[in-house]
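The following exercises introduce a structure to a reader who has not met it before. Each task is followed by a solution in short steps.

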Amino acid sequence: ATIAAIVPAAGVGSRMQHSVPKQYISLSGKTILQHTLTKLAQLHELVAIHVAVSVDDQYFADLPFIDKRIKRVDGGNERATSVLNGLLSLADNPPKWVLVHDAARPLVTIDDMNALLSYCLTHGEGGILATQVKDTIKRGHTHSEQTIPRDALWQALTPQLFNYRELLQSLQDALAANAVITDEASAMEWANKPVKLVAGRSDNIKITTPEDLDLAEFLLQQQES
Ligand code: CTP
Ligand code: MG
C-alpha cells in the first residue's frame, strides 16, 4: 500500500511570541522543522513528504537538503486548509494512505510512528497517536464547576493516518459544513468514520509556548545521545 506524508508547517506560531515562526526556531543545532522532517524521512515506506508552508515563507528555502521525497506546497490560513492543500497536491498520484504530522512535533519516535502504521495497515482502519489524560480535568471558567472522569479522555497527538480518499472527502465536507476541525480525526469523526486511538508517548509534545522550548531541547538531546 502506498503511503504519503503531509506536514502542516504554515502556522505563524503566535502563542510562541518569537521573532520567527516557531517551526524555524533552532533547538540543539537544527530548526524544529528539520528535526521533524528528519524523523519522517526515516520511514522508508513513505513515497512523498509534502510540507505545507506559508506562501510568503522566507525560511523554507534555507533548510539544508534532507531527503529527495520532501516537496514544498502552499499552506492555508488554518491548519485544516494547509492539510487540505497538502492532500490536493497529492491528487495526481493519490496514495492509499496519508500520514499527517505537525511540524511542531519534532519529538515523535520512529517506534510510535511504526506502531500507528502497523495497526492501521494490518486492520485497514484509520488511527491517531494519542495519550491517555493523566491529570484531573476540571470544567469551568473562573472557578471549577465539575471534574470530568478521565478514564475515557485522550489527548490527540500526531501523526494521524487515514485512507487518502476518505480523509480528503471528509475534510472537504466538514469544512463546507463549517465544522470545527482541529485535526484530521475531527474530520473523520464528523463523517462517522472510525478513528483508532493508538497509545503513544506523552513526550511527543506540540511545541506551542515559550516554556516548551527548554523541555523540547532537552528531550531532543536525549534522543540524539
Ligand atoms: N499550521 C499550518 N497552517 C496554519 C496553521 C497551523 O500548517 N494556517 C501548522 C503549524 O505550522 C503547526 C501545526 O499546524 O505545525 C499545529 O498548529 P499550531 O501548533 O497551532 O501552530 P501555529 O498555528 O503556528 O501556532 P499558534 O496557534 O500559536 O499561532
Ligand atoms: Mg494554531
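**Exercise 1. Identify the centre of the largest nonpolar core and the strand that gives the most to it.**

Step 1. The largest nonpolar core holds 51 residues; such a core is a set of buried Ala, Val, Leu, Ile, Met, Phe, Trp, Tyr and Cys residues joined through C-beta atoms within 7 Å. A residue is buried if 20 or more other C-beta atoms lie within 10 Å of its own, exposed if 12 or fewer, and partly exposed in between, with C-beta atoms placed from the backbone.

Step 2. Val 7, Leu 87, Val 98 and Leu 171 have the most contacts inside this core.

Step 3. Strand S4, residues 46-53, gives the most to the core, namely five residues. Helices (H or I, at least four residues) and strands (E, at least two) are DSSP runs numbered from the N terminus.

Step 4. The contacts of Val 7, apart from neighbours within four places in sequence, are Thr 36, Leu 37, Leu 40, Ile 49, Val 51, Ala 52, His 101 and Ala 103. Two residues are in contact if their C-beta atoms, placed from the backbone, lie within 7 Å.

Step 5. A general tendency fits here: in soluble globular proteins, nonpolar side chains tend to be buried together.

A note on conventions: this is a predicted model, in which local features need pLDDT of at least 70 and side-chain atom pairs count only at pLDDT 80 or more, while totals for chains, interfaces and linings use all residues. Residues are numbered from 1 along each chain as its sequence is written, and chains are lettered from A and ligands numbered from 1 in the order in which they are written.

**Exercise 2. Describe the overall form of the protein chain.**

Step 1. The protein chain contains six helices and 11 strands.

Step 2. Its C-alpha atoms fill a box of roughly 50 × 40 × 35 Å along the principal axes.

Step 3. The radius of gyration is 17 Å, which agrees with the value near 17 Å for a compact globule of 225 residues. This radius is taken over C-alpha atoms, and the globule rule is 2.2 Å times the number of residues to the power 0.38.

Step 4. Of the 225 residues, 35% count as buried. Among contacts between residues at least 6 apart in sequence, 68% join residues at least 24 apart.

**Exercise 3. Determine whether Ala 52 is buried or exposed, and list its contacts.**

Step 1. Ala 52 lies in strand S4.

Step 2. Ala 52 is buried because 27 other C-beta atoms lie within 10 Å.

Step 3. Leaving aside neighbours within four places in sequence, the contacts of Ala 52 include Ile 6, Val 7, Pro 8, Val 73, Asp 74 and Ser 82.

**Exercise 4. Find the buried residues of helix H1 and the elements they pack against.**

Step 1. Helix H1 spans residues 32-41, and its buried residues are Ile 32, Leu 33, His 35, Thr 36, Leu 37 and Leu 40.

Step 2. These buried residues pack against strands S1 (3-8), S2 (26-27), S3 (30-31), S4 and S5 (70-74), and against helix H6 (211-224).

Step 3. Leu 63, found in the loop between S4 and S5, touches Thr 31, Leu 33 and Gln 34, not counting residues up to four places away in sequence.

Step 4. Leu 63 is partly exposed, since 16 other C-beta atoms lie within 10 Å.

**Exercise 5. State how S7 pairs with S10 and with S11.**

Step 1. Strand S7 (residues 127-132) pairs with strand S10 (residues 154-163) in the antiparallel sense over five bridges. Two strands pair if DSSP finds at least two bridges between them.

Step 2. The bridge partner of Thr 131 in S10 is Gln 155.

Step 3. S7 and strand S11 (residues 196-199) run parallel and are joined by four bridges. Here Ile 128 stands opposite Leu 197.

Step 4. S10 also contains Pro 159, and the peptide bond from Thr 158 to Pro 159 is cis, with omega near 10°.

**Exercise 6. Describe the residues around ligand 1.**

Step 1. Ligand 1 is surrounded by 22 residues, the closest being Pro 8, Gly 11, Ser 14, Arg 15 and Ser 82. A residue is near a molecule if its C-beta atom, placed from the backbone, lies within 6 Å of it.

Step 2. The shell has seven nonpolar, nine polar and six charged residues. Ala, Val, Leu, Ile, Met, Phe, Trp, Tyr, Cys and Pro count as nonpolar, Asp, Glu, Lys and Arg as charged, and the others, Gly among them, as polar.
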